[in-house]
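Hi everyone, thanks for making time. Let me put the structure up on the screen so we can walk through it together.

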Amino acid sequence: MKHELTSRETFDAYLASQKDMPRWWLDLKRESWDRFHDLPMPHRKDENWRFANINGVDLGGFHFGQNPEGEAAEKDLLERSEQVHQRAGRLVFANDRLVHHEAVSQKLSDQGVIWLPLEQAVRKHEDLLRKHFMAQPIKLGSEKFSALHGALCSAGSFLYVPRGVEIDLPLVACHWTNGPNSAVFPHTLVIAEDLARVTLVDFFASHQRHARNYVCGVNDLYAGPGSRVTYISAQNWGHDSLAFHLNSTQAFREAYVTSLNVNVGGRQARTESHSQVLGEGAHTEMQSLTVATGSQEFDQRTLQTHFKGHSVSDLLYKNALLDDARTIFSGLIKVEEEAQQTDAYQTNRNLLLSPTAEANALPGLEILANDVKCSHGATSGQIDDAQLYYMLARGIPESVAKQLLVFGFFEDILGKLENEEIAENLRSLIRAQFD
Amino acid sequence: MKQQLEIKNLSVKVEETEILKDLNLTLPRGEVHAIMGPNGTGKSTLAKALSGHPDYEITSGEVLLDGENILEMEVDERARAGLFMAFQYPSEIPGVSIANFIRAARQARLKEGEELEATQFYKALYEKMDMLQIDRKFTSRAVNEGFSGGEKKRNEILQMAMLEPKYAIMDETDSGLDIDALRIVSDGVNKLRGPERGILLITHYQRILDYIVPDHVHVMWNGRIVKSGGKELALELEKKGYDWIKEELTEPAARA
Ligand SMILES: Nc1ncnc2c1ncn2[C@@H]1O[C@H](COP(=O)(O)OP(=O)(O)OP(=O)(O)O)[C@@H](O)[C@H]1O
Ligand SMILES: [Mg+2]
């Protein structure tokens, strides 16, 4: 029996499946569910939803907890989850069901590293989870969808790196959807204590390229003093999907956080990223690369908040648009009065490879401190006809020529990735959009 | 089927102005032809129209590449059919390295499913770069970005060497080159000369023809080829200037 995603039956069935989970967790679920229903749907007039296709935000016709193709499909998906061979651990989920858990080495676990599927972490590490799970403010417009995530989320990765522990290889999580109309709520929670160093990669994809799925993912990064956290995500949901990815990053004193989101999937995909500089000398890099094709809409909302000074936040969002695709970038830098000597940058660059593509940009600043360096800027460039002709005149087909220009446009970010295997994965994901 | 590039009664319009008028020219493989002519006479127009540039409208005529009409083909198809343009003003392609650019062009010439072999590719690339005395570091530089005029011209010849076209049209490749570069580029072009390739050199200067000795020289005037001859025609032009041609052209009209 398939119930509508937002129906009481869906939630009751889910709660029944969670009956062995701790009380506080179930309470949090109920509370989130009620909040989801209390909050209004986004409205055309909301500043946070300007330019977005509100009509496309419709949760009707999605189902939760289905696994129509069963274990055969899971096996296939597991085989396709080999993007990164050199890794410290891995988790694979299909339709929010754990398919595979590859633990970290004995050495890392002896050092206190925790790498667990979310539900196990909830059972075993109540203190950490109660402190960090869904503890960040959601301010960028998707409060309602975040509440639904809180209510229905069970799948995800929990990574805890104790003080001073450095992990060289990346941790990898793969989230798949399988079958039409399934809904998933992937969660990522990274806690890096003082001086820890870690990289986590999330791969998001639908089993079927043109699938219609609903996704609401949350990823929260906690970067303790002096830690280095690198987060990379590759979003390749089916091209008829509605997807939300909500990120919150907390950077404490002298922490260095880099995040890179590569987006190619979805019919309508919205990312919200909130970087909170909470300690002196912290540094956050927020990067995003998007290839928008067909009639896709990518909606990007960002907030860089500086509560403490001598800190840096540097945002660079690059969108390559083809066909009739649309992008929306809306960013805000907020520097609190106390945060003197802050450098905050926000750049959105759009490469329009089609005359009917549309890039919208809404950059913004709100500066309360007086001794700061801040800049924001958005540029949109059409593909240069002379460049295209020159490439064609060398016998390069138009689609390959555009692909080369897009790689040229992205190279300043992709070329700097330290992990060549991850970089190559991201490149092939981008390349596939031109087939 | 004759192995030649045959331009028959070609007329070309740019923005409603007819630039090429009923132009005829045949370039057999194995030969080098030079075209000379005053500024604005339509030499670059000929080159771009042959390549399929969208701004140039073919109003009549045919262009046969080894017997096949290329005017129906897209720009990239013509190139893959074996036509190469060394441009007078090559474009800059930011972010795309020379190696990746040439690689994509070579890959495009392979059959479906065939993959370019990377080591062989680099071996060939370095060989040609050495021949043209281009620093190997250039492979990772973005195509033409920040290149000097002479470097851009050399890069055009590098691409020509790597793509091994059947017919190459070189539009003022010699201008902007210093004496040494002129010699290097000419040596390179001479190495690319051969029975499998026809070369059309567009130039203003007889000097390059001392290095790359043409089989035929054509004079273009007002959108037409008005005079053809051997290498000595270039020398004569240099001595007498284009007025001499003009007089010759108007004479019969005056007599009539
Ligand atoms: N894209 C264009 N738009 C408008 N006019 C053009 C265009 N291309 C060429 N023309 C005109 O066509 C005529 C021929 O130009 P073309 O560049 O072919 O001359 P050329 O013989 O190559 O001259 P040069 O020796 O100076 O290179 C000129 O009058 C030029 O202004
Ligand atoms: Mg010219």
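I'll start at the metal site, move to the place where the chains meet, and then finish inside chain A.

One thing before we begin: this is a predicted model.

So, the metal. Which residues hold the magnesium ion, ligand 2? They are B:S44, through its OG atom, and B:Q88, through OE1, at 1.9 to 2.3 Å. If you look for these two in the sequence of chain B, you'll find them 44 residues apart. B:S44 is in helix α1, residues 43–51, while B:Q88 lies in the loop between β6 (83–86) and β7 (93–97). As for exposure, B:Q88 has a relative accessible area of 15%, and it counts as buried because the cut-off is under 20%.

Let's stay with helix α1 of chain B for a moment. How much of α1(B) is covered? Seven of its nine residues are buried, so we call the helix mostly covered. Those buried residues are B:K43, B:T45, B:L46, B:A47, B:A49, B:L50 and B:S51. Right after the helix comes B:G52, and its phi is positive, near 100 degrees.

Now please turn the view towards the boundary between the two chains. How many residues are in contact there? On the chain B side there are 29, and they are in contact with 16 residues of chain A. Putting these chains together buries about 1,700 Å², and carbon and sulfur atoms give 68% of that area.

What about charges and polar groups across this boundary? The count of salt bridges between chain B and chain A is one. Here it is: the side chains of A:R394 and B:E156 meet at 2.6 Å, N to O. In addition, 11 residue pairs are in polar contact between the two chains, with both residues at pLDDT 80 or more.

Which elements of chain B supply the side that touches chain A? At least two residues each come from α1, α2 (75–81), β6, β7, α3 (98–107) and α5 (149–163). You've already met α1 of chain B, the helix with B:S44, and here α1 is again on the list. Sorted by type, the residues on this side of chain B are 16 nonpolar, seven polar and six charged.

While α2 of chain B is fresh in your mind, have a look inside that helix. B:D76 forms a salt bridge with B:R80, with the closest N and O atoms 3.1 Å apart. The two are four residues apart in α2(B), so about one helical turn separates them. B:D76 is buried at 11% relative accessibility, whereas B:R80 is partly exposed at 32%.

Over to chain A, then. Is helix α8 of chain A, residues 385–392, mostly covered or mostly open? Mostly covered: six of its eight residues are buried. They are A:Q387, A:L388, A:Y389, A:Y390, A:M391 and A:L392. At the start of α8(A), a side-chain oxygen of A:D384 comes to within 2.8 Å of the backbone nitrogen of A:A386.

There are 41 salt bridges over all chains, and I'd like to show you two more of them. In one, the side chains of A:R87 and A:E102 meet at 2.7 Å, N to O. This pair links distant parts of the chain, 15 residues apart: A:R87 sits in the loop between α3 (70–79) and β2 (89–94) of chain A, and A:E102 in strand β3, residues 97–102. A:R87 is buried, with a relative accessible area of 15%, and A:E102 is partly exposed at 22%.

In the other, A:E82 and A:R90 meet at 3.3 Å, N to O. Here A:E82 is partly exposed at 30%, but A:R90 is buried, with a relative accessible area of 3%.

My last stop is a threonine in chain A. Where is A:T284? You'll find A:T284 in strand β15, residues 283–292. Its relative accessible area is 1%, so A:T284 counts as buried. What does A:T284 touch, leaving out residues up to four places away in sequence? The list is A:A251, A:V257, A:S275, A:V277, A:V312, A:S313 and A:D314.

That's my tour, and thank you for listening!

Methods:
Residues numbered from 1 in each chain as written. Chains lettered and ligands numbered in written order. Predicted model: local features only at pLDDT ≥ 70, side-chain atom pairs only at ≥ 80, totals over all residues. Heavy atoms only, no water. Donors = N, O, S within 2.8 Å, 3.2 Å for Na, K, Ca; no water. Buried < 20%, exposed > 50% of the residue type's maximum accessible area, 1.4 Å probe, protein only. Contact = heavy atoms within 4.5 Å. Buried area = accessible area lost by both parts, 1.4 Å probe. Salt bridge = Lys/Arg side-chain N within 4 Å of Asp/Glu carboxyl O. Polar contact = N/O pair within 3.5 Å; in protein donor to acceptor, adjacent residues only side chain to side chain. Nonpolar A, V, L, I, M, F, W, Y, C, P; charged D, E, K, R; others polar.
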